[in-house]
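Let's take a walk through this one together, with the viewer open. We'll begin at one annotated stretch and then follow the charged side chains.

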Amino acid sequence: MQTTRLEHDFLGERAIPDEAYYGIQTLRAMENFNITGIPLKSEPLFVQALAYVKKAAALTNRELGVLDPTIADYIVQACDKVASGALNDQFLTDMIQGGAGTSVNMNANEVIANVALELMGKPKGQYDFCHPNNHVNCSQSTNDAYPTAFRIALSNKLVGYSAALGELADAFAAKGVEFRNVLKMGRTQLQDAVPMSMGDEFKAFATNLREELLRIEDSRRLISEINMGATAIGTRVNAPDGYAELVTQHLRTITGLDLSLAGDLIEATYDTGAYVQLSGVLKRTAVKLSKICNDLRLLSSGPRTGLFEINLPPLQPGSSIMPGKVNPVVPEVVNQTAFYVIGADLTVTMAAEGGQLQLNVMEPVISFALFTSISYMTNACHTLREKCVLGITANAQHTENMVRNSIGIVTQLNPVLGYEASAEIAKEALKTGRSVHDIAVTERQLLTQAKWDEIFTFENLIRPGFIQ
């Protein structure tokens, strides 16, 4: 039989399992918010950040004389234990909940209080000795503790995402070097354009993604501004003089992040602009990544009736009915991930707009959207790099043959023959199926073979210079 303890709040009493470190408010949240089925413990960096916030608060309250030093020391020890991940399984509140994050804040307060009680040698729930609200939540409100922890967790989570995105960009850059002498046809509007190096194409993918690393750092700077000490609405009610400044200093030391206290705590308590900015950056990167995956799918299409310029690593059979078919499954799954992130950006946008007066109560869904988007984008970058990009090979002879037989190379003749003459050659080549070379050199004798050879050297096709 499971043994229980009785806990109470102003709504009444409830039985809590004796082994549980959470308390009555967490239990109520578990009963009330069965939305995603994804509990707070699924974001361990958020749990860790909550412990950092509570530790900084305890240290500050002790220094300012508003918390008994002995109780404060036990809270600090409990926070260290929670921050280590040892109590992650006790953070069970659904990631999306009503109450502006109060359930998450109280989940942390209750677990830390009960861990502190255990360290004191007291039974769980004996809150006279260490209380979730009076002691662990001293000088705080959900409205400053939750967003501060959220921003710390976001900043730390972005470090891993940046690393994954950077490694993916490096993989594309390495392919750019590997394919630097592979001649291929460039295309605009899915039509032949002018020749280029496949290496330059892949190098451009890398450049395209590396631009996003700068935007991520910009977003990290924005979310480094916190409202800790604002308490309920930014007026610092129930917080001692100097608390906001001192707790911010402690948080900088504990987290190693360059955190700063907002200049206007009332504005900072309701403002969610930094989240909108970050979400937009994630969406922008998702759009770019999805476009690159579209290109990889096109370039690998075939093998007999498509472009077939590159080969993607064969990972699994592609059909239950068509033998031998292999699909570009990794670019496809990254496309789908991007679609999710693009949709999550709208969620963040609407949630940010949905704030009213001195608080935005929609921050839980913002946190869920941003945490999942960062996780999914991180996983997508790892998957695309490891399962696809590193194993891409080029069909160099095939791509060169397509260039030599293309009508698009007529563009190279513009400086020599002029646009009108070149257009006539292209028109006849398209109509008759004959090559540009046959029409320009053999039939019309508009230029010599020697001039043709000068214009259409391998090097000049890949890295064109101006020839008259």
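How far apart do the end C-alpha atoms of residues 409–462 lie, and how much of the span is helix and how much strand? Keep in mind as you look that this is a predicted model. The two end C-alpha atoms are 12 Å from each other, and the span comes out at 70% helix and 0% strand. As for a label, UniProt's unreviewed entry puts the feature "domain: Fumarase C C-terminal" at residues 409–462.

Now for the charges. Searching the whole structure turns up 27 salt bridges, so let's pick out a few of them.

Start with Arg28 and Asp9, a salt-bridged pair whose closest N and O atoms sit 2.7 Å apart. Arg28 belongs to helix α1 (residues 24–32) while Asp9 is part of strand β1 (residues 4–9), so this pair ties together parts 19 residues apart in sequence. Buried or exposed, these two? Both Arg28 and Asp9 are buried.

Next, go to Asp170 and Arg210, whose side chains meet in a salt bridge at 2.7 Å, N to O. Here a helix is joined to a helix: Asp170 lies in α6 (residues 142–178) and Arg210 in α7 (residues 198–222), so the salt bridge ties together parts that are 40 residues apart in sequence. On the accessibility side, Asp170 is partly exposed because its relative accessible area is 42%. Arg210 has 37% relative accessibility, so Arg210 counts as partly exposed too.

Helix α7 also holds Glu212, and Lys288 lies in helix α10 (residues 273–299), so that pair ties together parts 76 residues apart in sequence. The contact itself is a salt bridge between the side chains of Lys288 and Glu212, at 2.8 Å from N to O. Lys288 and Glu212 are both buried.

Not every salt bridge has to be read as a pair. Which residues are linked with Lys184 in a network of salt bridges? The partners in that network are Arg187, Glu201 and Glu309.

To finish, head back to helix α6, which is also the place of Ser155. Why does Ser155 count as buried? Its relative accessibility is 7%, and the cut-off for buried is under 20%, so Ser155 falls on the buried side. Leaving aside residues up to four places away in sequence, Ser155 touches Arg220, Ile223 and Leu257. Of these, Arg220 falls within the residue range of helix α7 (198–222).

Notes. Residues are numbered from 1 along each chain as its sequence is written. This is a predicted model: local features need pLDDT of at least 70, side-chain atom pairs count only at pLDDT 80 or more; totals for chains, interfaces and linings use all residues. Side-chain values use heavy atoms; hydrogens and water are left out. A salt bridge is a side-chain nitrogen of Lys or Arg within 4 Å of a carboxyl oxygen of Asp or Glu. Helices (H or I, at least four residues) and strands (E, at least two) are DSSP runs, numbered from the N terminus. Buried means under 20% relative accessible area, exposed over 50%, partly exposed in between (1.4 Å probe, protein chains only). UniProt positions are given in the numbering used here, feature names are shortened, and annotations may be inferred rather than shown by experiment. Contact means heavy atoms within 4.5 Å.
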